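Visitor: I am new to this structure. Please take a close look at one part of it and explain how that part sits in the rest of the chain.

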Amino acid sequence: MNDIFQIRALFMPIPSKSETKDEFINRCMSFDDMQQYETDQRYAICQSKWEEKLASQKISFDYDGVLSTQRGKMLADSKKETLYIISARNDKKGMLSTAKLLNIPESRVYATGSNKAKVEKIKELGIDKHYDNNPDVISELPNIGILFK
């Protein structure tokens with residue numbers, strides 16, 4: 001029986017990159033194979049799929065002017081995705097206490113030494129969204145960069 005559920009799970013809808021949570025939940029709930037479940041069960045399954053999507057996404061934050069602010073820390077703390085700190089600083093030591101506060105392991109904290117290297121690292125890691133207060137960095141990251149004001 002468990003094997004049948006695992007096989008069915010392979011054919012369940014998965015959220016697309018451009019889909020909002022509401023769009024995905026509506027599509028998932030109306031999926032033919034989901035009709036065998038009660039509404040509450042369908043919703044729980046679809047919600048679980050959405051949470052899996054979030055967990056697999058990568059979001060990075062610049063440190064200075066973003067995570068060094070209370071608002072930046074609150075934004076990062078509200079995220080369920082996998083978080084990174086990617087800064088143009090030369091040394092990551094000054095960022096580690098914030099990383100610890102946000103449960104970001106040191107292995108996901110990068111001090112790249114320049115904005116050019118920061119942009120390259122963001123692309124290399126396959127980051128889905130990057131928050132930065134530098135408009136030049138944002139312009140180098142179309143569809144990924146989000147200007148933090």
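Guide: What follows goes from the whole chain to a cysteine link, and then to the helix chosen for the close look.

The model is predicted, so local features need pLDDT of at least 70 and side-chain atom pairs count only at pLDDT 80 or more, while totals for chains, interfaces and linings use all residues. Residues are numbered from 1 along each chain as its sequence is written, and side-chain values use heavy atoms, with hydrogens and water left out.

The chain holds eight helices and five strands (DSSP runs numbered from the N terminus, helices being H or I of at least four residues and strands E of at least two). Their order along the sequence is α-α-α-β-α-α-β-α-β-α-β-α-β. The C-alpha trace spans about 55 × 30 × 25 Å along its principal axes. The radius of gyration is 19 Å, whereas a compact globule of 149 residues would have one near 15 Å (taken over C-alpha atoms; the globule rule is 2.2 Å times the number of residues to the power 0.38). Of the 149 residues, 37% are buried (buried is under 20% relative accessible area, exposed over 50%, partly exposed in between, with a 1.4 Å probe and protein chains only). Among contacts with a separation of 6 or more, 51% join residues 24 or more positions apart (a contact is heavy atoms within 4.5 Å).

There is one disulfide (a pair of cysteine sulfur atoms within 2.5 Å). The disulfide joins Cys28 and Cys46, with sulfur atoms 2.1 Å apart. Cys28 belongs to helix α2 (residues 21-30) and Cys46 to helix α3 (residues 39-56), so the pair, 18 residues apart, links distant parts of the chain. The link is left-handed, at -85° about the S-S bond, and both cysteines are buried.

Glu19 lies in the loop between α1 (2-10) and α2. Glu19 is buried, with a relative accessible area of 12%. Its side chain makes a polar contact of 2.8 Å with that of Arg27 (N or O atoms within 3.5 Å; within protein, one must be able to donate a hydrogen and the other to accept it, and residues adjacent in sequence count only if both atoms are side-chain atoms). Beyond neighbours within four places in sequence, Glu19 touches Ile14, Phe24, Arg27, Trp50 and Lys53.

Now the helix itself, α5 (residues 70-77), whose buried residues are Gly72, Lys73 and Ala76. These buried residues fall within an arc of 100° when seen down the axis, so they line one face of α5 (the arc is that of the directions from the helix axis to the C-beta atoms). The face turned away from them carries the exposed residues Gln70, Met74 and Asp77. The buried residues of α5 pack against β1, α4, β2 and α6 (96-101).

Ala76 is one of the residues with the most contacts inside the largest nonpolar core, which has 15 residues (such a core is a set of buried Ala, Val, Leu, Ile, Met, Phe, Trp, Tyr and Cys residues joined through side-chain atoms within 4.5 Å). β1 (58-61), α4 (63-67) and β2 (82-87) each give two or more residues to this core. The largest share, three residues, comes from α4. Another core, of 10 residues, lies apart from this one and includes Cys28, Met29, Trp50 and Leu54. As for Ala76, its contacts outside four places in sequence are Phe61, Leu67, Leu83 and Leu102.
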